[in-house]
Amino acid sequence: MINLNQIRAKHAFENVAKISNAKKEQNEKFLSLARGLPTMLQQNGLLATWAFFLAKKEDHHQAAAKIILDHLKAYFPQDGHLQNKDFKTFFTEYLTGHLINTNGQLMKMTSEAIVFSGWIKRAAEALCEEG
């Protein structure tokens, strides 16, 4: 039987492996972002972190957001409104819009994003080269 941490680890390592094949400079930027991601989500929450990702146009920010979004789609498959969202509409139409329900869904997503970001950090530390 597969547990939730195995699923999180698999999602994180598979997605970070794709990024780690990029240029060394991109790996270093992603690794730096990944190391701070759990703290960023804990201190700022999912909304503010996502707004930060949207404001930054760099590839490593977009990659981190995509990894988190793909995981949330897999983690919350019952949410049909979430499934058809891309990086930008996840924030503009879902997180800040009327589509997210009011029974604690944002808190649940934030909690899962925080836990999952720890796995992204571990994967980046294992797979992305430093200096």
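This report describes the fold, the surface and the nonpolar core of one protein, working from a predicted model.

The secondary structure of the protein consists of 6 helices and 0 strands, and from the N terminus on the elements follow one another as α-α-α-α-α-α. The radius of gyration is 14 Å, close to the 14 Å that the globule rule gives for 131 residues, so the protein is as compact as a globular protein of that length. Taken along the principal axes, the box that the C-alpha atoms fill is roughly 45 × 40 × 25 Å. Among the contacts with a separation of 6 or more, 70% join residues that are 24 or more positions apart.

Some values for the whole protein are collected here.

| Property | Value |
|---|---|
| Share of the 131 residues that are buried | 44% |
| Exposed area of the protein | about 7,100 Å² |
| Share of the exposed area from carbon and sulfur atoms | 53% |
| Distance between the mean positions of the 16 positive and 13 negative charges | 3 Å |

Turning to the interior, the largest nonpolar core has 38 residues, and those with the most contacts inside it are Phe30, Leu46, Trp50, Phe53, Ile68, Phe90 and Ile120. At least two residues of this core come from each of helix 1 (4-20), helix 2 (24-55), helix 3 (59-75), helix 5 (87-95) and helix 6 (105-127), while helix 2 supplies the largest share, 11 residues.

Ile120 can serve as an example from this core. Leaving aside its neighbours within four places in sequence, Ile120 is in contact with Ala12, Val16, Phe30, Ala34, Leu37, Ile67 and Ile68.

Definitions and conventions: Residues numbered from 1 in each chain as written. Predicted model: local features only at pLDDT ≥ 70, side-chain atom pairs only at ≥ 80, totals over all residues. Heavy atoms only, no water. Helix = DSSP H or I, 4+ residues; strand = E, 2+ residues; numbered from the N terminus. Rg over C-alpha atoms; globule rule 2.2 N^0.38 Å. Buried < 20%, exposed > 50% of the residue type's maximum accessible area, 1.4 Å probe, protein only. Contact = heavy atoms within 4.5 Å. Areas by Shrake-Rupley, 256 points an atom, 1.4 Å probe, with all protein chains shown as cover. Lys, Arg positive; Asp, Glu negative; His and termini not counted. Charge placed at Lys NZ, Arg CZ, Asp CG, Glu CD. Core = buried A, V, L, I, M, F, W, Y, C linked by side-chain atoms within 4.5 Å.
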